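Reader: Please take one helix of this chain and look at it closely, together with what surrounds it. Start from the overall picture, then work inward.

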Amino acid sequence: SGLGQVSLIAEEFQFSGAEAMLDMMDPLVIRKGLKMIPVFAAAMALVYNIDAVEDLVLSREAVSGIFQGKVTSWANPLISGENPGKPLVHEAIIRRVPGERSGSSQTLTRAIYSFDSFPT
């Protein structure tokens, strides 16, 4: 987790697992001489709950827009354009993201910002 990484850098312990990679260019990581051993890759799923809609297709731009608050309705053209004939409603998209200090949140944020040209 993000908190685990902070604790590791603060030398509160010597060994930890993390969902997100350390920033190996971070001066604190360099100064502390921390090393990483990549063990395995994990998948992260985006989950949706829209009545009567199966196999929703979301472009990278749509996913990025949803998490950045720029795509706010299921009927947004970025979503409806990829899902012709599906009963998308003009309802607000209610997002839920992991806590800001979680490794999942860090991994998801890095992925989203790499998806397209939305400004950071």
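Author: The protein chain has 5 helices and 0 strands, which gives the pattern α-α-α-α-α when read along the sequence. The model is predicted, with an average pLDDT of 79 for the protein chain, and 82% of the residues score at least 70. Confidence is lowest in helix H1 (residues 2–9), where the mean is 72, and highest in H4, at 95. Where pLDDT is low, predicted coordinates should not be read in detail.

Of the 120 residues in the protein chain, 27% are buried. The exposed surface comes to about 8700 Å², and carbon and sulfur atoms supply 56% of it. Among contacts with a separation of 6 or more, residues 24 or more positions apart account for 48%.

The helix chosen for the close look is H3, which spans residues 60–67. Within H3, the buried residues include Ala62, Val63, Ser64, Gly65 and Ile66. Ser64 has a relative accessibility of 0% and therefore counts as buried, the cut-off being under 20%. The side chain of Ser64 has a polar partner: it makes a polar contact with the side chain of Gln68, at 2.7 Å. After H3 comes Gly69, with a positive phi near 80 degrees.

Two residues of H3, Ala62 and Ile66, belong to the largest nonpolar core. That core has 10 residues in all, and its other members are Ile50, Val53, Leu56, Val71, Trp74, Ile79, Leu88 and Ile93. In soluble globular proteins, nonpolar side chains tend to be buried together. Another core lies apart from the largest one; it has 5 residues, among them Leu8, Ile9, Leu22 and Leu34.

Ile79 is a useful member of the largest core to follow from H3. Leaving out residues up to four places away in sequence, Ile79 touches both Ala62 and Ile66. Under the same exclusion, Ile79 also touches Leu56, Val57 and Leu58, as well as Val71, Ser73, Trp74, Leu88 and Ile93. Helix H4 covers residues 77–80.

Gly81 sits in the loop between H4 and helix H5 (103–115). Its relative accessibility is 57%, so Gly81 counts as exposed. Gly81 and Ser59 are 22 residues apart in sequence, and their C-alpha atoms are 9.8 Å apart in space.

On the other side of H3 in sequence is the loop that joins helix H2 (27–32) to H3, and Ala52 has its place there. Asp55 is found in this loop as well. Ala52 is a residue other than glycine with a positive phi, near 70 degrees. Asp55, again not a glycine, also has a positive phi, near 55 degrees. Ala52 has a relative accessibility of 67% and so counts as exposed. Asp55 is exposed because its relative accessible area is 61%, over the 50% cut-off.

To put H3 back together: Ser64 is buried at 0% relative accessibility and its side chain contacts that of Gln68, while Ala62 and Ile66 are part of the largest nonpolar core. The loop between H2 and H3 holds Ala52 and Asp55, and Gly69 follows the helix.

How values were computed: Residues numbered from 1 in each chain as written. Heavy atoms only, no water. Helix = DSSP H or I, 4+ residues; strand = E, 2+ residues; numbered from the N terminus. Buried < 20%, exposed > 50% of the residue type's maximum accessible area, 1.4 Å probe, protein only. Polar contact = N/O pair within 3.5 Å; in protein donor to acceptor, adjacent residues only side chain to side chain. Core = buried A, V, L, I, M, F, W, Y, C linked by side-chain atoms within 4.5 Å. Contact = heavy atoms within 4.5 Å. Areas by Shrake-Rupley, 256 points an atom, 1.4 Å probe, with all protein chains shown as cover. pLDDT = per-residue confidence, 0-100.
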